[in-house]
Amino acid sequence: QSVDKLTPDDPRVEHHTLEIRGYNWHYLLANPTSGKPTGTVLLVHGWPDLAFGWRYQVPALLALNMRVIVPDMLGYGRTDAPDDVAEYAQKKLASDLAALAAHVVGTDDGGQVVLGGHDWGGAIVWRTALWRPEFVRAVFSVCTPYGPPRDQWVPPEVMVETVLPNFRYQLQLAGPDVEAQIVGPVKLRQFLNTLFLGRTPDGQPGFNTKDGLLFDRLESIGPSPVLSPEEVEFYVAEYARHGLHGPLNYYRTHRVNFDDELELAQQGAERTRIKVPSMIVTASRDGALPPSMAANMDRHFESLVKREVDATHWALWEAAGDVNKTYFQVFAESVA
Ligand SMILES: O=C(NCCCc1ccccc1)N[C@H]1CC[C@H](OCc2c(F)cccc2F)CC1
């Protein structure tokens with residue numbers, strides 16, 4: 001059955017900007033129609049996505065009388081895109097989200113919000129629950145498991161060769177090639193259709209988690225099966241603003257995040273356990289983040305609910321009804 005979703009210029013959302021840490025952030029704000037909201041949810045998108053990536057979730061949250069804040073993350077859409085990798089450190093982003101929440105929520109609900117993330121947004125909300133737990137009512141991640149801060153530096157290429165072979169594409173994304181090759185609307189359209197599961201005429205993908213983008217296939221990739229052509233054009237126009245340098249910086253933050261988090265890792269489980277009510281929703285056919293990656297994360301949580309939906313990485317769109325249901329089962333009561 002079809003799930004209600006936002007259009008790019010939906011009357012149900014307001015567009016706001018806020019200066020945070022010297023950068024201009026754009027965010028969507030949706031207020032429930034019936035008076036005072038029960039609570040507030042702040043949703044954090046991943047790569048390569050936008051605030052618009054939560055289009056299937058916002059109407060359902062409004063129907064639960066929740067107020068919804070959805071930023072374009074640093075580097076994306078109508079938010080500024082600094083060049084410097086260090087600006088994308090998760091410790092900094094955690095405080096950016098705290099500032100955004102405080103600006104909207106003030107002292108309502110004890111100044112707290114429910115934090116939700118997908119993909120890189122999932123990684124960021126887990127870290128936000130560690131760095132800034134005081135403003136987090138509850139936290140959920142779609143697709144992305146929690147990996148605690150580590151006290152030993154392991155270079156990404158070693159992680160890939162030894163424990164995370166399905167992350168090998170991230171070595172390409174962290175390098176210079178993708179942002180050098182994917183320039184201008186034609187290439188951006190091919191890139192987005194590829195990442196959003198478009199195929200060549202003989203059914204081949206243009207991306208896989210081992211090799212990353214297969215540049216020689218991009219021009220023969222057909223339309224995405226998970227977005228309408230109009231939605232793709234919206235993404236193309238939004239990405240044409242800054243290009244891919246900012247978004248790809250998220251793949252270059254491993255060392256700065258390690259350096260920031262060493263102090264947490266050295267304090268041990270007391271400081272690396274997530275104490276706020278938590279949920280992870282894994283996607284059964286996510287090649288980058290398979291549910292198996294979330295198998296052993298319970299030990300890092302005071303309270304963790306685990307759900308799985310039958311979808312690829314793009315679960316927010318493919319399994320919108322199921323994703324929305326998981327949220328309601330767990331968090332709606334806890335914030336009501
Ligand atoms: O690369 C990402 N998304 C692009 C997916 C592209 C795709 C398109 C179509 C089909 C399949 C894939 N997401 C990142 C999000 C952060 C993740 O790292 C967080 C993390 C740790 F740091 C340590 C331990 C576990 C853990 F998950 C790594 C994947």
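**Close-up views of a predicted model**

**View 1. What lines the largest pocket.** Sorted by type, the lining residues of the largest pocket come out as 25 nonpolar, 11 polar and 7 charged. Keep in mind that this is a predicted model. The space inside the largest pocket comes to about 1300 Å³. Its lining is made of 43 residues, and those closest to the centre are Gly147, Arg150, Met159, Leu164 and Phe167. As for helices, α3 (120–131), α4 (156–162), α5 (169–174) and α10 (254–266) each put at least two residues into this lining. The top contributor is α10, with 5 residues.

**View 2. The runner-up pocket.** Here we zoom in on the second largest pocket, with a volume of about 410 Å³. It has 21 lining residues, and Leu195, Leu197, Phe207, Thr209 and His313 sit closest to its centre. Helix α7 (185–195) and strand β7 (207–208) are the elements that give two or more residues to this lining. By type, the lining of the second largest pocket splits into 9 nonpolar, 8 polar and 4 charged residues.

**View 3. Helix α2, end to end.** This close-up follows α2, which covers residues 90–105. With 16 residues at 1.5 Å a residue, α2 should span 22 Å, and its end C-alpha atoms are indeed 22 Å apart, so the expected span and the model agree. Plenty of its side chains to look for are on the buried list: Gln90, Leu93, Ala94, Asp96, Leu97, Ala98, Leu100, Ala101, Val104 and Val105. Note that Asp96 and Gln90 are among those buried residues. Right after α2 comes Gly106, with a positive phi near 55 degrees.

**View 4. Ser303 and its surroundings.** Ser303 sits in the loop that runs between β9 (278–283) and β10 (304–309). Is this residue buried, exposed or something in between, and what is its relative accessibility? Ser303 counts as partly exposed because its relative accessibility is 34%, which falls between the 20% and 50% cut-offs. Leaving out residues up to four places away in sequence, Ser303 touches Val276, Pro277 and Ser278. For a longer-range view, pick Pro71: Ser303 and Pro71 are 232 residues apart in sequence, and their C-alpha atoms lie 27 Å apart in space.

**View 5. Confidence across the model.** A word on scores for the whole prediction. The chain has an average pLDDT of 96, and 97% of the residues score at least 70. The model's ipTM is 0.90 and its pTM is 0.97.

Conventions: Residues are numbered from 1 along each chain as its sequence is written. This is a predicted model: local features need pLDDT of at least 70, side-chain atom pairs count only at pLDDT 80 or more; totals for chains, interfaces and linings use all residues. Side-chain values use heavy atoms; hydrogens and water are left out. Helices (H or I, at least four residues) and strands (E, at least two) are DSSP runs, numbered from the N terminus. The expected span of a helix is 1.5 Å times one less than its number of residues. Buried means under 20% relative accessible area, exposed over 50%, partly exposed in between (1.4 Å probe, protein chains only). pLDDT is the predictor's confidence in each residue, from 0 to 100. On a 1 Å grid over the protein atoms alone, a cavity is a set of points where a 1.4 Å probe fits but cannot get out, and a pocket is an open set with protein on both sides within 12 Å along at least five of seven lines; lining residues have an atom within 4 Å of a point. Grid points are joined across faces, edges and corners, and a volume is the space filled by probe spheres set on the points. Ala, Val, Leu, Ile, Met, Phe, Trp, Tyr, Cys and Pro count as nonpolar, Asp, Glu, Lys and Arg as charged, and the others, Gly among them, as polar. Contact means heavy atoms within 4.5 Å.
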